[in-house]
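Trainee: I'm new to this one and would like a close look at a single part of it. Could you pick a spot, walk me through it, and then show me how the rest fits around it?

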Amino acid sequence: MADEFDLLETSGAQQEQKSNDKVDWGKAIDQMKSKLAQEDSPEVRQKILNATLDNVVDMAEKDRTSLLDAIKDLTDYQDEVGIIFERFSTLNDEEQRVIDNAVKELEKAQREYQEALDKPDTWWNNLWGRKSRIKREKQELDQAQKDRKFADSKAKEMFQKRIESSDTETLLKELSFKSQAAVKRLKDREVEIKEVEDKLQVAIVEASKNHTKALEKKKETEEKLEAEKALLSQARQELEEIVDKQSTDYSETLAKITKLEQKVEELDGLRTAYITLAASKDSFVHKHNLTIKVLTSLRSNLQTHRAKLKSDTEERIRYYDGYVVALKARTDQEFAAILEHLGIKTDEKIGETLAAMYTASSKARQDMMENIPVHEKVMKGIYSSYAESLQEIREKDVEIRKNFADRYGIDMKELFEEYYKNNENPSTGDPSGDDAPSGDPTPTNDGGFRMIC
């Protein structure tokens, strides 16, 4: 099984896309350092000792705010150092669609403009609007290029607005994505450095060869120069030995000296040039060597950062997952506590209601029992009034009966006896009082009352 823990591996073959982003360090990186330096150092231990679930809410919100500020700073930092926004941010479908549509329109405009250019430049095609079409397609291409640039700004604005209200989990995912994107960027930079190192190695070899050649040429030139100087010295000696300064020999020797002096001057200049060239090549050998050392050191540092960032990001994602789950668990715990508290309060309220219900029921039973004598007393009064009224009626009947007998000679006894025939103890109709009702009324089977006489 192959060893997968090859975090320091650098290979240009695995590079999907070489980064051509500009790099503008300085102000941006200083701002980032300043931001990091401004982080406060609270008394963490005391916070932990005094922590409650309510405190955790504030701490988690502070974490989210700090993370949100960091994401914003990183996004601005990307722009300042020339990192393409869409490669370093997790865009949602809507944000990505803005960029994709702009890219499609740009590609379409480029294709149509190229088609217009590729159309043969003939009088017939020009007659049918070739040049006007080229002009129109060029304008559309320019507009598409502007729209493409604007799409990045619009997508970034939508992204920034979205993360304003994002939860901690979303922000942590964005930070993890930026870390993963940075790993690729670092690897691309390592490959770029390695390519430059290789070119510098070739340049060192070439410079060394040129340095050697320059020294060899210098030596050859010096040998020629020494020979010419010897000839020049000899010619000057010959010139001094000529007595007749107006003779042909003198003139020829003087011309020979002039030619030798010119040759010496040229060789001396050539020697200087070779010396300068050799020195220059030697200097660049050292410069290239120094540059390679610097680049190798930087590449090594980048490898270290990339390896650590890649490994730590993988671990950090799991760490973040734990943090997010902890936050959710804290919320669930608070929710459970609320439900428990609500349940207890509900139990108490129901208990109070049931207790009150039992008390009220007992009181109602007591009231019912207490009202029975009152009810009987009232009914006794009603019975007494009824009996009294009935007694008065009976007495009136006796008077009426007597009055009829006296006035009309009609005996009303039989009539009244018929009226009272349903009584268990019918009255005799004796006006002497034997038939007079007495005692309490007694209820009858038909729902009425009868008098017990």
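Mentor: Sure, let's start with W124, which has a relative accessibility of 46% and so counts as partly exposed, since that label covers values between 20% and 50%. Keep in mind that this is a predicted model. W124 sits in helix 5, which covers residues 123-127. Together with W123, L127 and W128, W124 makes a nonpolar surface patch of about 610 Å².

Now step back to the whole surface. The protein chain exposes about 32,100 Å², and 54% of that comes from carbon and sulfur atoms. Of its 453 residues, 26% count as buried.

What about the inside? The largest nonpolar core has 13 residues, and those touching the most other members are L67, I71, F159, I163, L171, L172 and L175. Two or more residues of this core come from each of helix 3 (53-80), helix 6 (130-164), helix 7 (168-241) and helix 8 (248-408). A second, separate core has 10 residues, among them L239, Y250, I257 and L267. Back in the largest core, take I163 as an example: leaving aside residues up to four places away in sequence, I163 touches R64, L68, I71 and L171.

As for the overall layout, the protein chain has 9 helices and 2 strands. Along the sequence, the pattern reads α-α-α-α-α-α-α-α-α-β-β. Among contacts with a separation of 6 or more, 77% join residues 24 or more positions apart.

Notes: Residues numbered from 1 in each chain as written. Predicted model: local features only at pLDDT ≥ 70, side-chain atom pairs only at ≥ 80, totals over all residues. Heavy atoms only, no water. Helix = DSSP H or I, 4+ residues; strand = E, 2+ residues; numbered from the N terminus. Buried < 20%, exposed > 50% of the residue type's maximum accessible area, 1.4 Å probe, protein only. Contact = heavy atoms within 4.5 Å. Areas by Shrake-Rupley, 256 points an atom, 1.4 Å probe, with all protein chains shown as cover. Core = buried A, V, L, I, M, F, W, Y, C linked by side-chain atoms within 4.5 Å. Patch = residues over 30% accessible without salt bridge, like charges linked within 9 Å, V, L, I, M, F, W, Y side chains within 5 Å. Salt bridge = Lys/Arg side-chain N within 4 Å of Asp/Glu carboxyl O.
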